[in-house]
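Work through the following exercises with the sequence and the structure open beside you. Try each task before reading its solution.

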Amino acid sequence: MDRYELRRLDYSLTDDHTDLQNAYRQFFKSYCPIDTVRAAEASGFDKSLWERLCAMGATTMALPESVGGDGATLVDLTLVAEEIGRSLAPVPWIDHVCAARLLARLGALDSADIVDGTSLVALDPQEDAGAGRRLIPTGSISDHVVVRDGDDVVRLSFGTRPVKVDNIGKLPMAWVDPATADSRTVVASGPAALVEYQRALDEWRLLTAAALVGLVEETMTIAAEFAKTRYTLGVPISTLQAISHPLANMVITIEGGRNLARRAAWFCDNEPDERPELTPSAFVFMAEEASKAATMAVHIQGGLGVSAEAAATAYLVRARGWALAGGDPAASAKRIGRILAERESA
Amino acid sequence: MDFSRVELSDSDRDFLHDVRDFLQSQVTEDVIRHDRETGDNFHEGVHLALGARGYLEKEWKPAAEGGFSRVRRRIWELEKRRAHVPWVTWGTTAMVARSVAGFGSSELKDEVLPGVFSGRVRLCLGYTEPEGGSDIATCKTRAVRDGEGWVINGSKMFTTGAHNCQYVFLITNTDPDAPKHKSLTMFLVPLDTPGIEIQGIRTVDGDRTNIVYYSDVRVDDKYRLGEVNGGWTVLREPLNAEHGAVEAATDGLADVSIMMHQGGFMATAVDKAAAKVSQKDPNGRRAVDDGAVAYRLGRSAARLEAALSAPSIFGRVALSQTMRDIAPDLMDLLGTASTLPVCTDGAPDDGASEYIYRFAPLSGIYGGTLEVFRNMIAQYVLGLGKPAYGPPATKVS
């Protein structure tokens, strides 16, 4: 690749971007305090928060105008995802919009209820399509589940929704066995359909990466504020480099991961074939860094941080659970390796 | 937000091709070999050629004063990297020349600046001391008034390029009793002054730097920059630039952080490793088909891209830290032959990954250590307060 190619390197947000960002930040601040997050842990889903979010247009914005959506860019969607991560919102927005966008691209989005979020679609986000029973991150609350099956993209539905299993990410996760679905519709088949499915996997990783950026930023901020007011031997622990340098490293992770996710999104929006490695790169980076950062954030708050009631622990568990919901992140790393090898041998 | 290719006017496209052809003709294999052998990161012939073409002056001056337009400046930066133009001594020269322009007398400016533009005058940094570290305000090199001039005694480390330069931008202590930021005076000392001894030091990445000794060096007062004991005022701006604490360019025509040039070495190492592992061995197998190889390559690329994306001072730390993090993995996945340096028979990536492994320690200390920058982020971005240090202790040895 020509690393010296003359391209702009402009990461700035437009006024519309910042308005969008502020609107969602304010929304989650108002409607999704940490108590709301905790209260939804049993089911992994806060239905009334979801309805409010959909009423704000969070699902319609993500869909193309051809199906009644507002045609937002992926850059726009990363801004929303970041706020979901910051607030740990118990809503299936990432999975739903990635699945719905996939259906739209395959010409199979025929329900206004999906567009406005009344009817939920789940996605199997595993990079390596397995067979048989699998964990679907939003499987216990969705009306449809979209999976790959050989060369087919299939939409499943169940008379009785699959049962939620407890999981570290507090997601509405369920074991789903395609063979036991009450209805199974082949949505599309063949290489072109699988390319679109891969794109859905990439979008899922991109938005998850953005969510992890918001997650890390919030848990870092809480830890930093704690450190400023906690004293040891007469000084705030924030002035000790064993505390301040790990916090500085978290800021560096946030700044790099955030810009990478946005750049990846920009290329998906504008030149999708140019840098296909960037989307999985954002994900691989944040998946690894999020749990390191979240662990350090707990550690900085010591005995108070490890309490099950501490906000820090809510971030700790989701930093792992969200990153792993799509399988071993190594699958994405290997995909990057193959993309690069292909590119550099050309 | 915009990462698109820049649309060029016909004349800017001509400029790009001119520059590319010219640099290619100048930076020959001999130049590259000279660089490797001397570790100079400077080549006088190339430098004078750049000066003769007016490129040094155009790079140094803002567009309003006849310098490059924004887009040509960006073309120039990228094409210099593409051609591997030795860069270190021009970097220090350009930086110091700004201080001369800002703080020098008109006599001194006339003496120095025309030569800077022609390439005949080069300038280096006399900051760090053998016993000092990143805190350059702790300065033991003394300058003492002597009639109309000054007498300087002391020594400086990392005066990179001194043996190819005509002047050194020297931090001296002119008031040992004053608080350290009020004790400094800056001089532009001619390096041919009696009493100066330059001793070369090779560093592990292959570059050469110098330790410079100053023994009863007499300089005229005209070589002073700024006020006596006002050195910190002179230093602050070049230090800010060197630290990379600068705003992002709104037109996207600049690096998002300092050290992007060095980040390019890392990108080269990743790309070369990718090219190598895509090749088939005699049995028709590609290394990248081994999951352990693909994983490490992919993870390294992901970390590289995150570092390349991080802006400002964050990017600076990210680039140096990432170089340290990924160089060993890149070497591992290329196997034993990754230990072979550039231009060695069978080197799988022409030494790119073993080079960044050796270079990474350097990039994490020059212009301030990683700890200095983490302190700055902690204190100024996060508001965590000034670092708490233990009480001063008397040095044992």
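**Exercise 1. Decide how the fold of chain A is held together along its sequence, and whether its overall size suits a globule.**

Begin with the contacts: in this predicted model, among the contacts of chain A with a separation of 6 or more, 72% are between residues 24 or more positions apart. Next, consider burial, where 54% of the 346 residues in chain A turn out to be buried. Then turn to the size: a compact globule with 346 residues would have a radius of gyration near 20 Å, and because chain A has 20 Å, the value agrees with that expectation. Finally, along the principal axes, the C-alpha atoms of chain A fill a box of roughly 65 × 55 × 40 Å, and the chain itself contains 12 helices and 8 strands.

**Exercise 2. Describe helix α12 of chain A, and find what covers its buried residues.**

First, locate the helix at residues 330-345 of chain A, and compare its 22 Å reach, from first C-alpha to last, with the 22 Å expected for 16 residues at 1.5 Å a residue; the two are close. Second, list its buried residues, which include A:Ile336, A:Ile339 and A:Leu340, but also the residues A:Lys334, A:Arg335 and A:Arg338. Third, look at the cover, which includes α7 (191-229) and α9 (278-300) of chain A, together with α9 (260-277) and α10 (291-309) of chain B.

**Exercise 3. Work out which parts of chain A touch chain B.**

Start from the totals, in which 55 residues of chain A are in contact with 56 residues of chain B. On the side of chain A, the elements that give two or more residues are α7, β8 (235-236), α8 (241-270), α9 and α12. Of these, α8(A) gives the most, with 17 residues. Sorting the residues of this side of chain A by type then yields 27 nonpolar, 13 polar and 15 charged.

**Exercise 4. Follow chain B from its domains down to one hairpin.**

Take the domain assignment as the starting point, which gives domain 1 (10-86), domain 2 (123-230) and domain 3 (260-381) in chain B. The centres of domain 2 and domain 3 of chain B, taken over C-alpha atoms, are separated by 35 Å, and the contact takes 4 residues from domain 2 and 7 residues from domain 3. Then examine strands β2 (residues 142-146) and β3 (residues 149-156) of chain B, which run antiparallel and are joined by 5 bridges. One bridge partner to check is B:Trp150 in β3(B), which pairs with B:Arg145. Between the two strands of this hairpin there are 2 residues, and B:Gly147 takes a positive phi near 65°.

Methods. Residues numbered from 1 in each chain as written. Chains lettered and ligands numbered in written order. Predicted model: local features only at pLDDT ≥ 70, side-chain atom pairs only at ≥ 80, totals over all residues. Pairing = 2+ DSSP bridges. Helix = DSSP H or I, 4+ residues; strand = E, 2+ residues; numbered from the N terminus. Domains from an automatic or database assignment. Contact = placed C-beta atoms within 7 Å. Rg over C-alpha atoms; globule rule 2.2 N^0.38 Å. Buried ≥ 20, exposed ≤ 12 C-beta atoms within 10 Å, placed from the backbone. Nonpolar A, V, L, I, M, F, W, Y, C, P; charged D, E, K, R; others polar.
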